[in-house]
Amino acid sequence: MQEWILPYLQCPRSGAPLALAGDARREGDHILAGTLVSTRDPACRYPIVDGVPDFIGDMERGARAATLDTFGTEWSSFSGWGWIDQAPDDKDAELQVRSGLSSDSEKDFLMKTGLLAAGETKPRLGALVLDAGCGNGRFSREAARYADRVISVDASAAAFVAHENFRRKGIGNACAIRASVLSLPIRDGVVDYTFSIGVLQHTGDGPGQLREMSRILKPGARLSLNCYGTGSAVYEAVDTFIRRRTTVMSEDGKRRFARRLAAANRFVLKAGAVGRKVDRYWRRVMCIRPTYVQMYDWYSPAIADHYSPDQLLAMFRQLDLKILAGSHRIDLPDYDDRRRRRGASSYCFLLARS
Ligand SMILES: C[S@@+](CC[C@H](N)C(=O)[O-])C[C@H]1O[C@@H](n2cnc3c(N)ncnc32)[C@H](O)[C@@H]1O
């Protein structure tokens, strides 16, 4: 943890500022170990473990805990996903890292935040940015190019993976913390921009997450959201059928399933024009990708909600959030969701308080 983050933190239980207890072990500006204590209630204490403040510990239960376990495993196993510098020459190997290259993260960040749709290819994101559900930190790294400082939050062990990636890659302006986006340990109105990529569907409480993300924003600041959308009736039925089985598999079973599905998709994709056509139709009935990580990511977490335009609009309305730009203008009266549903594509929005 870097010392600059301290004034922005608050106790997620008491809402009071946090102070560093006397037991801190430092290395320059970095605090490697120690304890954060609520200035109002000394019983509220949070350890700093391996340089990462941990507001979660073993607090989560049930489906939420299972979901976080899966992501802890995923990002520990795929710590370099989105950070890979070179595409392999071999076709099969190239398909296995599709969307895992650094250059993919660069493009995906702008696209998934809706910034690209707003015409911002070199956005100025401001002094403080928060990545809500950072995984291994691949998109925090992108945000860190366009902002002074980034706080990267994840409730799973991924927070430690992100911390290690920042350290290894010398990204000095991003700081990882382990906390829930449903109860952010961040003071009200201090953040210039916040984004959340692929997380809303996994928290089990989309409105709660958006409320927290809005709470920490400065007045008039912007927020980006990328989340799963509902697919066609067939797609949803197939997805429910498969996930009912995969989410209760053993860890080995989940891995085997993901590996085999990805390999089957690569086999098809290598079959030239015919294969690409098959792939296009296949994608209409279920989520299929050529990479092991994406198949593990889709089929393993216990919680994976799909949002409809009406559900999203209701959330946005409740928080006075207006869509500035994005992949689907669900707010426009003539918006027709049929095409998006056929491909079950995700939503990407850039939002602001109206
Ligand atoms: C699909 S991953 C996306 C990670 C990252 N945004 C990316 O796109 O690479 C979803 C992430 O959300 C995190 N997550 C799920 N529920 C969370 C919660 N309540 N608070 C914080 N993070 C959460 C998971 O641990 C996981 O790392």
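Into which domains is the protein chain divided?

1. **Domains.** This is a predicted model. Domain 1 covers 3-53. Domain 2 is assembled from 62-132, 139-175, 186-229 and 304-353. Domain 3 spans 233-299.

2. **Domain 2 against domain 3.** Their centres, taken over C-alpha atoms, are 23 Å apart. Domain 2 puts 16 residues into the contact, and domain 3 puts in 15. On the domain 2 side, H1, helix H2 (91-96) and helix H12 (338-343) each give two or more residues. H2 has the largest share there, with four residues. By class, that side of domain 2 holds five nonpolar, six polar and five charged residues.

3. **Ligand shell.** The ligand has 22 residues around it. Phe71, Gly133, Gly135, Ala155 and Ser156 come nearest. Helix H1 (62-77), helix H4 (138-146) and strand S7 (147-154) each supply at least two shell residues. Which element gives the most to the shell? H1 does, with three residues. The shell as a whole has twelve nonpolar, seven polar and three charged residues.

4. **H1 in both places.** H1 supplies residues to the shell around the ligand. H1 also gives residues to the side of domain 2 that touches domain 3.

5. **Nonpolar core.** The largest nonpolar core has 82 residues. Val129, Leu130, Ala143, Val153, Ala176, Ile177 and Val191 touch the most other members. Helix H5 (residues 158-169) gives the most to this core, six residues.

6. **Ile177.** Which residues does Ile177 touch, leaving out those up to four places away in sequence? They are Val52, Pro53, Phe55, Ile151, Val153 and Ala159. Of these partners, Val153 is also listed among the core residues that touch the most other members.

Definitions and conventions: Residues are numbered from 1 along each chain as its sequence is written. This is a predicted model: local features need pLDDT of at least 70, side-chain atom pairs count only at pLDDT 80 or more; totals for chains, interfaces and linings use all residues. A nonpolar core is a set of buried Ala, Val, Leu, Ile, Met, Phe, Trp, Tyr and Cys residues joined through C-beta atoms within 7 Å. A residue is buried if 20 or more other C-beta atoms lie within 10 Å of its own, exposed if 12 or fewer, and partly exposed in between; C-beta atoms are placed from the backbone. Two residues are in contact if their C-beta atoms, placed from the backbone, lie within 7 Å. A residue is near a molecule or strand if its C-beta atom, placed from the backbone, lies within 6 Å of it. Ala, Val, Leu, Ile, Met, Phe, Trp, Tyr, Cys and Pro count as nonpolar, Asp, Glu, Lys and Arg as charged, and the others, Gly among them, as polar. Domain bounds come from an automatic or database domain assignment.
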